[in-house]
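Let's take a walk through a protein model together, one stop at a time. Keep the 3D view open and turn it as you read.

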Amino acid sequence: MNKIYSFIAIAAAAAMITGCDNYDDRYTPEYASVVRLEQFGEHELTAWTINDSEIYKLNILRSGHNIGTATTATVRVMSDEEWKAYASTYGLGRYYKIPNDCFKFSESGSDMAVIDFAPNQISGETAVTILSGKLSSYSQTLPGSGDGMEGDGNVICLPIKLETGNGSVLQAQSTLLLKVMSMDATLTLSTTGFEKIKCSPSSSPIVREYTINLSCENPWGFTVKLENNKELLDSYNSANDTRYTLMGASAIEILDNGTWKPWADSEIEFPIGSNTKTVSVRIDPAKVGMMDAMALCVSKPSLNLTTDVQKLSNIVAVQVKPSTQRIRISASDISASTDDGTHTAKNLVDGKRNSYYSSNPEPHDGDPVYGSYVDIKLPSPIRYFAFDYMSRFDFFGDGSGIPNEVDIYVSDDGNAWEKCGSITGMRRNFNNMSQTVTYGNFDAGKEIKYVRWAVIKGGASGLVDHRQPNTTAYWSASVLYIYGK
């Protein structure tokens, strides 16, 4: 807290001490041997939890007109009472004194250090050790910790005083407020989350570049594991009701010293001094399966780094249409739960872009499970499939005719239905003009003969529920084509 002290007083006192290094009868005995902290005021130290401890060195300087005698100086931590008074004086309401079990001046855990100056010795040193793990635990107990708001203003500090029993202390340089920040060393990946890429088997290879970042300097050197992780993909499938399969190694390559090599889970090395590592991956669409996804994951650091799977993983699902040719559906093999009496379900598969289907816009009871739906009977069984949905031009400009949430069901007989997947947030894919978007791939888990497109929510807000009784919610489309294999 350098600002607390008077710079004029410091300069004057320092000049006096410097000028008194040679004995002079003009100066009083209190200047015979004067000690002071080289590190005084406020200083900062980061205690990385990756380390067991952090050491802060203190230098004690000695001057005066009679340093030919021995002097003993003591460096100690303020008592709770002293700290309370000090913090009150300088308005340090958000400063918290480090507990005794979070630091030590010696192996015995003492809260002080004694420096014995021999005759004519002008400097001495000691060190305080901050116990990083215990400090991290303590920091979590402070008011506001963990809420990302009030806790951000907390300052953890070690208030240190310099004293001597047989000499003088320069008061302007007698106090050190060591501000200690407890920090986790974390790893992050530059691209995370879930991504779906639409392409054809003949599309160019898909290249993704990732950077693995360490949040601090790296004086240790360590390794991490880079994996195409099935557990990660299984977890995503379970949370999102999807059926993606782990992409085979034959579809993936990794760049190694400028050469593309077949994928293999590997160890990535961070040499001492390096805190970033770039990895390039290439996917060949021609070798991707119907429901394949690469689940890239950085894991198993050789040091005690803080890791979060969400910040260290990226799932890339490559959507290759099951076929380049749509399945021809006859007018008699497509039906809808409702229509407006004129624009019926057959218009969805008639191949005419200027015709369209519209569900019933008049008050009606939606199906409590399926909302407003269209059933498609397939000419032959398929397991994997995708849809092309073409929106109808919206003259009102609010997109109310575009579904926002759709559930996909499959059936062997057209009577018993099993949910196969969902489409959410459809509305954001359209600009209210007539345009086509592909949805899929879907995996029925077995060969099936029927598919149900069940619109659950839509309307101008995208939140109108088609399953409600006496609803006027409706949806429309120019085309609903299906591709399958």
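Before we start on the strands, one term: two strands count as paired if DSSP finds at least two bridges between them. Keep in mind, too, that what you're looking at is a predicted model.

Now put that term to use. Strand β3 (residues 53-63) and strand β8 (residues 123-131) run antiparallel and are joined by nine bridges. Pick out Leu 61, for instance: its bridge partner in β8 is Ser 123. In general, strands of a sheet pair through backbone hydrogen bonds, and they can do so parallel or antiparallel.

Zoom out a little and you'll see that β3 and β8 belong to an open sheet of five strands, in the order β6-β8-β3-β1-β10, with mixed pairing. Which strands stand at the edges? They are β6 (103-104) and β10 (168-169); each has a single partner strand, so one side of each is left without a neighbour in the sheet.

Next, find Leu 162, which sits in strand β9 (residues 155-164). Is Leu 162 buried or exposed? Its relative accessibility is 3%, so Leu 162 counts as buried. Look at what surrounds it: leaving out residues up to four places away in sequence, Leu 162 touches a list of residues that includes Val 35, Leu 37, Ile 60, Val 75 and Val 169. Phe 40 shows how the chain folds back in space: Leu 162 and Phe 40 are 122 residues apart in sequence, yet their C-alpha atoms are 9.8 Å apart.

Now on to a helix, α4 (230-240). At its start, a side-chain oxygen of Asn 229 reaches to within 2.9 Å of the backbone nitrogen of Glu 231. Within α4, Leu 232, Leu 233, Tyr 236 and Asn 237 are buried. Why do we say that they line one face of the helix? Seen down the axis of α4, the buried residues fall within an arc of 135 degrees, so they share a face. Those buried residues pack against β13, β16, β21 (292-299) and β22 (313-320). Turn to the face pointing away from the buried side and you'll meet the exposed residues Lys 230, Glu 231, Ser 238 and Ala 239.

Just after α4 comes Asp 241, in the loop between α4 and β16. Asp 241 has a positive phi of about 55 degrees although it isn't a glycine. That's worth a pause, because most residues other than glycine have a negative phi. With a relative accessible area of 39%, Asp 241 is partly exposed. Lys 300, in the loop between β21 and β22, also has a positive phi, near 50 degrees. Lys 300 counts as exposed, because its relative accessibility is 58%.

The loop after α4 holds another thing to look at. Tyr 244 lies there, and it pairs with Phe 194 in strand β13 (residues 193-199), 50 residues away, so to speak a link between distant parts of the chain. A pair of aromatic rings is described by the distance of the centres and the angle of the planes. For Phe 194 and Tyr 244, those are 5.7 Å and 45 degrees, which makes the pair tilted. Phe 194 is partly exposed, at 31% relative accessibility, whereas Tyr 244 is buried, at 9%.

How many aromatic pairs are there? The count comes to 15. Further along the chain, ring pairs link Phe 385, Phe 387, Tyr 389, Phe 430, Phe 442 and Trp 453 into a cluster. Rings can have charged neighbours as well: Arg 326 lies over the face of Tyr 481, 3.8 Å from the ring centre, and Arg 452 lies over the face of Tyr 370, at 4.5 Å.

Two stops are left. Ser 355 lies in the loop between β23 (334-336) and β24 (357-358), and it is buried, with a relative accessible area of 13%. What does the side chain of Ser 355 make a polar contact with? Its partner is the side chain of Asp 350, at 2.7 Å. A polar atom of the Ser 355 side chain also lies 3.1 Å from the backbone oxygen of Lys 352.

Finally, look at the peptide bond that joins Gly 440 and Asn 441: it is cis, with omega about 0 degrees. Most peptide bonds are trans. Asn 441 is found in strand β28 (residues 436-458).

Methods
Residues numbered from 1 in each chain as written. Predicted model: local features only at pLDDT ≥ 70, side-chain atom pairs only at ≥ 80, totals over all residues. Heavy atoms only, no water. Phe/Tyr/Trp six-rings, centres within 6.5 Å; stacked < 30°, edge-to-face > 60°. Helix = DSSP H or I, 4+ residues; strand = E, 2+ residues; numbered from the N terminus. Buried < 20%, exposed > 50% of the residue type's maximum accessible area, 1.4 Å probe, protein only. Lys NZ or Arg CZ within 6 Å of the ring centre and 35° of its normal. Arc of directions from axis to C-beta. Contact = heavy atoms within 4.5 Å. Polar contact = N/O pair within 3.5 Å; in protein donor to acceptor, adjacent residues only side chain to side chain.
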